[in-house]
Amino acid sequence: MKRNLYKHLIVAVVCLLLNLGYASAQTVKWDSTYRPGKYVEIVNKFKADPISKKNFVFLGNSITAGTDWAKLLALPQAKNRGISGDITFGVLERLQEIIDEKPEKVFILIGINDISRNIPDSVILRNYKAMISRIRKGSKKTQIYFNTLLPVNSSFGKFKNHYNKDEHILWLNDEIKKFTAKNVTVIDLYSNFTDQDKHLRAELTKDGLHLIPEGYKVWADFLNKTGYLK
């Protein structure tokens, strides 16, 4: 009987160790310290072109960085604060420069690179809320416009780490739509850019992730139509 008991104990321990090893192997690693190669250089350029209280700040990653907002919107007070490759942690790191100048409006679109780098959805959402909290605390009159994430289109095959993660985009967008704090307006960009299959419209992108001028025109027309720029 003792021999059988020992045998069962050994089997149980082996199974436990195997399960722990499997769970460890399934843990996806992610890095909050990642910053794009030109992050510091671009931040310094931003500091050399300071924001004022009259500015409308467009804050985000390459999708935001990819156009001249002042020209696109015929809005001289628009300032571009997009950095290609940036993640939510990078935005939080450089957010104080914006808060200190107390701009009139801040338009935020960030998170697709976090998803591509396997940062958990709950962490991305926590960072979103931290952005809102810090702006509301440090610049009480600034109106915050928080954009839902844009869809992607995997048929282009160029940014594989960004593709086929639609469930993360949809979950975060659902959470963004719940933002109801004072001075926070949710802008649902996602629904303006989807095709019938819920992918980024092919005629608006060059690679399934970034927008071409036709895509930015859709964005600008939507902003003008909604009155968010007044």
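Ile98 lies in helix H5, which covers residues 88–101; helices (H or I, at least four residues) and strands (E, at least two) are DSSP runs, numbered from the N terminus. The model is a predicted one, in which local features need pLDDT of at least 70 and side-chain atom pairs count only at pLDDT 80 or more, while totals for chains, interfaces and linings use all residues. Residues are numbered from 1 along each chain as its sequence is written, and side-chain values use heavy atoms, with hydrogens and water left out. Ile98 is buried, at a relative accessible area of 2%, where buried means under 20% relative accessible area, exposed over 50%, and partly exposed in between (1.4 Å probe, protein chains only). From Ile98 to Arg81 the sequence separation is 17 residues, and the C-alpha to C-alpha distance is 9.1 Å.

Two further pairs link positions by C-alpha distance. Val184 belongs to strand S5 (residues 184–187) and is buried, with a relative accessibility of 11%. Its C-alpha atom is 4.7 Å from that of Ile144, although Val184 and Ile144 are 40 residues apart in sequence. Lys160, in contrast to a buried residue, counts as exposed at 66% relative accessibility, and Lys160 sits in the loop between S4 and H8. The C-alpha atoms of Lys160 and Gly208 are separated by 9.8 Å, with these positions 48 residues apart along the chain counted as their sequence separation.

Charged pairs come next. Side chains of opposite charge can pair when their charged atoms come close. The structure holds eight salt bridges, a salt bridge being a side-chain nitrogen of Lys or Arg within 4 Å of a carboxyl oxygen of Asp or Glu. One of them joins Lys45 to Glu41, with the closest N and O atoms 3.6 Å apart. Because Lys45 and Glu41 are four residues apart in helix H2 (residues 39–47), about one helical turn separates them. Lys45 is exposed at 53% relative accessibility, whereas Glu41 is partly exposed at 40%.

Another salt bridge is formed by Asp49 and Lys79, whose closest N and O atoms are 2.6 Å apart. Asp49 lies in the loop between H2 and strand S1 (56–60) and Lys79 in strand S2 (residues 78–82), so this pair ties together parts that are 30 residues apart in sequence. Asp49 is partly exposed, with a relative accessibility of 37%, while Lys79 is buried at 15%. Glu203 and Arg201 also form a salt bridge, with a closest N and O distance of 3.0 Å. Glu203 is partly exposed at a relative accessible area of 47%, and Arg201 is likewise partly exposed, at 23%.

Positive charge also collects at the surface. Lys53, Lys102, Lys137, Lys140 and Lys141 gather in a patch of positive charge. Patches are made of residues with over 30% relative accessible area and no salt bridge, like charges being joined within 9 Å and nonpolar side chains (Val, Leu, Ile, Met, Phe, Trp, Tyr) within 5 Å. Accessible areas come from the Shrake-Rupley method with a 1.4 Å probe, and for residues only the protein chains shown count as cover. Lys and Arg count as positive and Asp and Glu as negative, with His and the chain ends not counted; the place of a charge is taken as NZ of Lys, CZ of Arg, CG of Asp or CD of Glu. Within the patch, Lys140 is found in the loop between helix H7 (121–138) and strand S4 (143–147), and Lys140 is exposed at 60% relative accessible area.

A polar contact (a pair of N or O atoms within 3.5 Å; within protein, one must be able to donate a hydrogen and the other to accept it, and residues adjacent in sequence count only if both atoms are side-chain atoms) connects the side chains of Ser116 and His162 at 3.5 Å. Ser116 is part of helix H6 (residues 112–116) and is buried, with a relative accessible area of 10%.

Finally, the backbone deserves a look. Asn118, in the loop between H6 and H7, has a positive phi of about 65 degrees although it is not a glycine. Asn118 is partly exposed at 36% relative accessible area. Asn183 also shows a positive phi of about 65 degrees without being a glycine. Asn183 is placed in the loop between helix H8 (166–176) and S5, and its relative accessibility of 23% makes it partly exposed.
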